[in-house]
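The following account leads through the packing of one protein model, from a pair of helices to the nonpolar cores and then to two individual residues. Please keep the structure in view while reading.

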Amino acid sequence: MFKRAFVLFAEHETERKGHVEAMRSVLPELEVMEPVFPSRVHVPFLEALIEKSLARTGKALLPTEIGVILSHRKVWSKIARENTDAHFLVLESDSRIIKPELLQSETAEKYDLFFWGAWNGYASLKKSTVQQGVGEPLIKSVYGAYGYSLNAKAARYLLKKTAQIAYPVDMYKRFIDSSEISLGAIVPEVISTWRTSDSLIRRESRSSLMTAELIRMIFYCRNTIQSYFC
């Protein structure tokens, strides 16, 4: 199993306590990390960070999105100080472990960063790399931070790449170069999300959620074709 496992969870997320307990039944040593909620704690220079993200990308991050970045960076900072090649699992409060028996660190240890779940199950693996459902993901098909593991090298890399606030934390394709750290993923995903409580990042209508699902399916078809020739 992993050297350590972390979950980002705050006590006021009462509707997600059951999710965390379900994770703890699989990972008894699960460590809770307090996430950053700008509506509850002071984030220095928050407005300046929002303005910087707009200047750098053309789209301003929401305060909640900046909170998510800072939350994951807290975990990465802990991992970066470790002197080991072992993997550390990172989960969010709505993560759902689907197949606990597959959650073994040896599956991921040959990679620096490994996605146990991504983009609501729509991740695509490069065909030339796949062995028993594990391989290198097409980077544009990786989205989401609800179930991944990484070593200290990857943690230091991500801290460096996100030092300047720009994109949401889960848009890995924006700040990862697969020639600098090795990426792996498993399909079908082993960790997903419960989708039984509202997003804490942005509120979306039912119609917008349906539109997003349709867009994911369209891009998944494109990514599947591209990954076949990789």
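In this predicted model, helix H3 (residues 63-80) packs with helix H5 (residues 152-161) at an angle of about 135°, their axes lying 8 Å apart. Because oblique is the class left over once angles under 35 degrees, over 145 and from 65 to 115 have been assigned, that angle makes H3 oblique to H5. The crossing of the two helices is left-handed. On the H3 side, the contact is formed by Arg73, Trp76, Ser77, Ile79 and Ala80, which meet Ala152, Ala155, Arg156, Leu158 and Leu159 of H5. By class, the residues of this contact comprise 7 nonpolar, 1 polar and 2 charged.

Both helices also take part in the nonpolar interior. The largest nonpolar core contains 39 residues, and those with the most contacts inside it are Leu113, Tyr148, Leu150, Tyr172 and Ile176. At least two residues of this core come from each of strand E1 (4-8), helix H2 (46-57), H3, strand E3 (88-92), strand E5 (113-115), strand E7 (147-150), H5 and strand E8 (183-186). The greatest contribution is that of H3, with 7 residues. A second core, separate from this one, has 21 residues, among them Val7, Phe9, Leu27 and Leu103.

Leu113 illustrates the surroundings of a residue in the largest core. Leaving aside residues up to four places away in sequence, Leu113 touches Tyr148, Ser149, Leu150, Ala154, Tyr172, Ile176, Ile181, Ser182, Leu183 and Gly184.

Phe115 is located in strand E5. Is this residue, Phe115, buried or exposed? Its relative accessibility is 1%, so Phe115 counts as buried, the threshold being under 20%. With residues up to four places away in sequence again excluded, Phe115 touches Pro137, Val142, Gly147, Tyr148, Tyr172, Gly184, Ala185 and Ile186. Phe115 and Thr211 are separated by 96 residues in sequence and, from C-alpha to C-alpha, by 25 Å in space.

The final residue, Ser124, belongs to the loop between E5 and strand E6 (134-135). With a relative accessible area of 3%, Ser124 is therefore buried. Which residues does Ser124 touch, not counting residues up to four places away in sequence? The contacts of Ser124 are with Glu136, Pro137, Leu138, Ser141, Tyr220, Asn223, Thr224 and Ser227. Pro137 is thus listed for Ser124 and also for Phe115.

Conventions
Residues numbered from 1 in each chain as written. Predicted model: local features only at pLDDT ≥ 70, side-chain atom pairs only at ≥ 80, totals over all residues. Heavy atoms only, no water. Axes fitted to C-alpha atoms, helices over the stretch in contact; angles between N-to-C directions. Helix = DSSP H or I, 4+ residues; strand = E, 2+ residues; numbered from the N terminus. Left-handed = near helix turned anticlockwise from the far one by under 90°. Contact = heavy atoms within 4.5 Å. Nonpolar A, V, L, I, M, F, W, Y, C, P; charged D, E, K, R; others polar. Core = buried A, V, L, I, M, F, W, Y, C linked by side-chain atoms within 4.5 Å. Buried < 20%, exposed > 50% of the residue type's maximum accessible area, 1.4 Å probe, protein only.
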